[in-house]
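Visitor: Please take a close look at the core of this model, and in particular at how one helix sits against the rest. I would also like to see what surrounds that part.

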Amino acid sequence: MITNFGLKLEGLLIYTRGSHKSKKEGICSMEKSILQETTKLANGVEMPVFGLGVWKSSNKEAADSVQVAIKNGYRLIDTAKQYGNQPGVGYGIQQALKDNRLNRKDLFITTKVFNGDQGYETTLKAFEEQLKQLRLTYLDLLLIHWPVDGKYVDTWHAVEKLYREGKVRAIGISNFNEEKIQELLEAGTVMPQVNQMEFNPLVQEESLFTYMNGIGMAMEAWGPLGGGEALSNPAVEKIAQAHDKSVAQVILRFDYQMGAITIPKSAHEERIIANSQIDDFVLSPDEVAEIKALNQEKHSIWYPSFAWHKGSETTGVKDEVSHWDDVEEYLNKPVQ
């Protein structure tokens, strides 16, 4: 059991962020790009605060965007078995390492335990196949994708085993609320270092964020742009005009100043570059307050949407691996 907010965790450290004093106060250093900035996780591992997500990307799109991102300074890449594009991500990583004369240790690669693989033995078996698809010998971060009822504690024990064996540098969870986090703290021996949640101006997770900060767990944002409602909001558009920035850049800056690790997805080079250009301006306290006022705490995807959730009356979200016609091509595609 992890007692007293994780004080039994090996190497527990206070959650801090790289070169910046306080994102909540909007204090920033212009000395280096956001792509170079890291945050120290609870186990001491340095994780980039900004990276690339590849949800809803085919293997070709994922491979291409990973190569473009790494070429332009990105070091954090986030994928999942459920996305169906791990082979493309794996190829893109290896091609980018060769093209840019980088070493594996220069990158920070994340994937997730698929819901259908959860359980102790099945998690361990699936992990080896995921490493193979990603063409890697270890992962920087492994997350439990969703808390599958009756299985996520056993899954966490398997993830802890992989961590202790050195196959994963950091471990965490995704889409876990306070109640489910507390259950892992009571059942496990290693505190999750990261919780990846839907986080953007419309879903700010204020209570959960406060709880996580209190125990030294990092927040990572999926869906960081908030979709059309946030991107077309008049208040955000006005702020963007005042800074001569795009609405997307303002929203990503907001996520960053709130302290969330951010992984926006794009398949276009100009947008991948633009997304990271948020370190040359700061949102004022009034601007932050305007964006915070947009909070609805309404998830686009949440527990009742899944068939595996207790009491669910809908299967509105398909709990299956996305199928792309180019999987086989990228499983065996040679690096040029």
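Guide: What follows starts with the chain as a whole, goes on to the core and the helix, and ends with the pocket and a few single residues.

The model is predicted. Its chain has 336 residues, of which 56% are buried. The secondary structure consists of twelve helices and eleven strands. Among contacts with a separation of 6 or more, 75% are between residues 24 or more positions apart.

The largest nonpolar core contains 81 residues. Leu139 and Ile181 have the most contacts inside this core. Among the elements, helix H9, residues 247-258, gives the most to this core, with eight residues. A second core, separate from it, has twelve residues, including Leu41, Phe108, Leu143 and Val194. In soluble globular proteins, nonpolar side chains tend to be buried together.

Ile181 shows what such a position looks like in detail. Leaving aside residues up to four places away in sequence, Ile181 touches Ile173, Phe176, Asn195, Leu208, Tyr211, Met212, Ile215 and Met217.

Now to the helix. Helix H8 spans residues 234-243, and Val236, Ile239 and Ala240 in this helix are buried. Viewed down the axis of H8, the buried residues fall within an arc of 100°, so they line one face of the helix. Pro234, Lys238, Gln241 and Ala242 are exposed on the other side of H8. What lies over the buried residues? The cover of the buried residues of H8 includes H7, H9 and helix H11, which runs over residues 285-292. Of these, H9 is also the element that gives the most to the largest core.

H7 leads on to the largest pocket. This pocket has a volume of about 930 Å³. It is lined by 38 residues, and the closest to its centre are Trp55, Lys56, Trp222, Ser300 and Ile301. Two elements give two or more residues to the lining, namely strand E9 (194-198) and helix H7 (227-231). H7 gives the most, with three residues. By residue class, the lining divides into 16 nonpolar, 14 polar and eight charged.

Lys56, one of the residues closest to the centre of the pocket, is in the loop between strand E4 (51-53) and helix H1 (59-71). Its relative accessibility is 56%, so Lys56 counts as exposed, the cut-off being over 50%. Its phi is near 65°, a positive value in a residue other than glycine. Asn175 also has a phi near 65°, again positive in a residue other than glycine. Asn175 lies in the loop between strand E8 (168-174) and helix H5 (178-187). At 2% relative accessibility, Asn175 counts as buried.

Helix H1, which follows the loop of Lys56, holds Ile70. The relative accessible area of Ile70 is 1%, so this residue is buried, the cut-off being under 20%. Ile70 and Ala96 are 26 residues apart in sequence, with 6.4 Å between their C-alpha atoms. Apart from residues up to four places away in sequence, the residues that Ile70 touches are Arg75, Ile77, Ile93, Ala96, Asn100, Leu102 and Leu107.

Asn72 is placed in the loop between H1 and strand E5 (76-78). With 28% relative accessibility, Asn72 counts as partly exposed. Not counting residues up to four places away in sequence, Asn72 touches Leu35, Glu269 and Ile273. Asn100, a contact of Ile70, is 28 residues from Asn72 along the chain, and the C-alpha atoms of Asn72 and Asn100 are separated by 9.8 Å.

A last residue is Thr137, in the loop between helix H3 (120-134) and strand E7 (139-144). Thr137 is exposed, with a relative accessible area of 68%. Thr137 and Val168 are 31 residues apart in sequence, and their C-alpha atoms are 9.4 Å apart in space.

Key. Residues are numbered from 1 along each chain as its sequence is written. This is a predicted model: local features need pLDDT of at least 70, side-chain atom pairs count only at pLDDT 80 or more; totals for chains, interfaces and linings use all residues. Side-chain values use heavy atoms; hydrogens and water are left out. On a 1 Å grid over the protein atoms alone, a cavity is a set of points where a 1.4 Å probe fits but cannot get out, and a pocket is an open set with protein on both sides within 12 Å along at least five of seven lines; lining residues have an atom within 4 Å of a point. Grid points are joined across faces, edges and corners, and a volume is the space filled by probe spheres set on the points. Helices (H or I, at least four residues) and strands (E, at least two) are DSSP runs, numbered from the N terminus. Ala, Val, Leu, Ile, Met, Phe, Trp, Tyr, Cys and Pro count as nonpolar, Asp, Glu, Lys and Arg as charged, and the others, Gly among them, as polar. A nonpolar core is a set of buried Ala, Val, Leu, Ile, Met, Phe, Trp, Tyr and Cys residues joined through side-chain atoms within 4.5 Å. Buried means under 20% relative accessible area, exposed over 50%, partly exposed in between (1.4 Å probe, protein chains only). Contact means heavy atoms within 4.5 Å. The arc is that of the directions from the helix axis to the C-beta atoms.
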